[in-house]
Amino acid sequence: MKILIMIDFVLAASLMDVIGSSDLQKCFQERIRLQGQVRLLEHRVKQQQLKIIQLLEKKEIQYSDREDENSVIDLGGKRQYSDCAEIYNEGHKQNGFYKIKPIQSPREFFAFCDMSEGGGWTVFQRRSDGSQNFDRLWADYEEGFGNFVLKNGEFWLGNKNLHYLTNQGNYTLRIDLTDFEGERRFAQYARFRVAGEEHSYEMSCGEYSGTAGDSLTGGFHPEVKWWADHRGMKFSTRDRDNDNYEGNCAEEEKAGWWFNSRDLSAGKTEAHLRRDSTYCATQAGQ
């Protein structure tokens, strides 16, 4: 083993003498130059990868926006529908904004139709991301406001429209709640109805079912019904106080509602209406 090592050393030394110190220096310089080019190429590759990721993310956002823009669904104006239940029963099962015209309404308007959970739900309130200001005046809540184009846009359908809708049959109210931890619950009420403007859009509803607790009629405890039951309450806004509270619930809660003395919920909220199937059958037979 010692002999082999000595021979290798002698050969290496002889090679150094042949190449010369200047040639060896050029070799080292070339090696350094090539290493620099490799690092530059690696840097450029990383930059290109980042650009590709950015372009893919931008394209995904564009597709998402395009999907939102397409949430307005045109049925061609062949007939008028009085609510989302009629649209669903005609075989249209895609969620989105449709034009509807309740029987007593003087005009058509856009409403979001939720075709899940049995289908035919007319959504009259959506609060999800804070993009809309719900601290508004009476006139805004009366006519409706918000984004009636984007699939996830926030809106209030309008008290006039709610009156026209709920006075053409028996409607079920469903309130879907998502808290800030992402947990979902729902509250459902039979015979939901909103009176006309002359009665300040007074609300009435029937029995409760669901998983969110009965915060609309105060059924979670008999001793709190005097302040937690919202049935029979007129609508309140910060410029028109119709609640039973010494202050103004709408002003304190920064939103309009049928307040008694307490707000309904916190977090993401969607309120849906669906006409009872018995009434739909009666309509179809007319």
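Strands here are DSSP runs of at least two residues, numbered from the N terminus. By that rule, residues 145–146 make up strand β4, and Gly-146 is found in it. The model is a predicted one.

Start with Gly-146. It is partly exposed, with a relative accessible area of 33%. Beyond its neighbours within four places in sequence, Gly-146 is in contact with Gln-132, Glu-154 and Phe-155. Asn-133 is 13 residues from Gly-146 in sequence, and their C-alpha atoms are 8.5 Å apart.

Now take Phe-145. Phe-145 is buried, with a relative accessible area of 6%. Its ring pairs with that of Tyr-141 in an edge-to-face arrangement. The centres are 5.0 Å apart and the planes stand at 90 degrees. Tyr-141 is buried as well, at a relative accessible area of 0%.

This brings us to the aromatic rings. A pair of aromatic rings is described by the distance of the centres and the angle of the planes. The structure holds 19 aromatic pairs. One of them joins Phe-124 and Phe-192, which are stacked. Here the distance is 6.0 Å centre to centre, with 10 degrees between the planes. Phe-124 belongs to strand β3 (residues 121–127) and Phe-192 to strand β7 (residues 184–194), so this pair ties together parts that are 68 residues apart in sequence. Both Phe-124 and Phe-192 are buried.

Ring pairs also build a cluster. Its members are Phe-124, Phe-134, Trp-138, Tyr-141, Phe-145, Trp-156, Phe-192, Tyr-201, Phe-235, Trp-257 and Trp-258. Trp-138 has a charged partner too: the charged end of Arg-240 sits over its ring, 4.3 Å from the centre. Elsewhere, Arg-126 lies over the face of Phe-112, at 4.4 Å from the ring centre.

Next comes the nonpolar core. The largest one has 46 residues. Which of them touch the most other members? They are Phe-124, Trp-156, Leu-173, Phe-192, Trp-258 and Leu-273. Follow Leu-273 outward, leaving aside its neighbours within four places in sequence. Its contacts include Gly-120, Trp-121, Thr-122 and Phe-124, and also Phe-192. Tyr-171, Thr-172 and Leu-173 are among them as well. So are Leu-162, Leu-165 and Thr-166.

Those last three contacts lead to helix α5. Leu-162, Leu-165 and Thr-166 are buried residues of this helix, as are Asn-159, Asn-161, His-163 and Tyr-164. Helix α5 spans residues 159–166 and is mostly covered, with seven of its eight residues buried.

Terms used. Residues are numbered from 1 along each chain as its sequence is written. This is a predicted model: local features need pLDDT of at least 70, side-chain atom pairs count only at pLDDT 80 or more; totals for chains, interfaces and linings use all residues. Side-chain values use heavy atoms; hydrogens and water are left out. Rings of Phe, Tyr and Trp (its six-membered ring) pair if their centres lie within 6.5 Å; planes under 30 degrees apart count as stacked, over 60 as edge-to-face and the rest as tilted. Helices (H or I, at least four residues) and strands (E, at least two) are DSSP runs, numbered from the N terminus. Buried means under 20% relative accessible area, exposed over 50%, partly exposed in between (1.4 Å probe, protein chains only). A charge sits over a ring if NZ of Lys or CZ of Arg is within 6 Å of the ring centre and within 35 degrees of the ring normal. A nonpolar core is a set of buried Ala, Val, Leu, Ile, Met, Phe, Trp, Tyr and Cys residues joined through side-chain atoms within 4.5 Å. Contact means heavy atoms within 4.5 Å.
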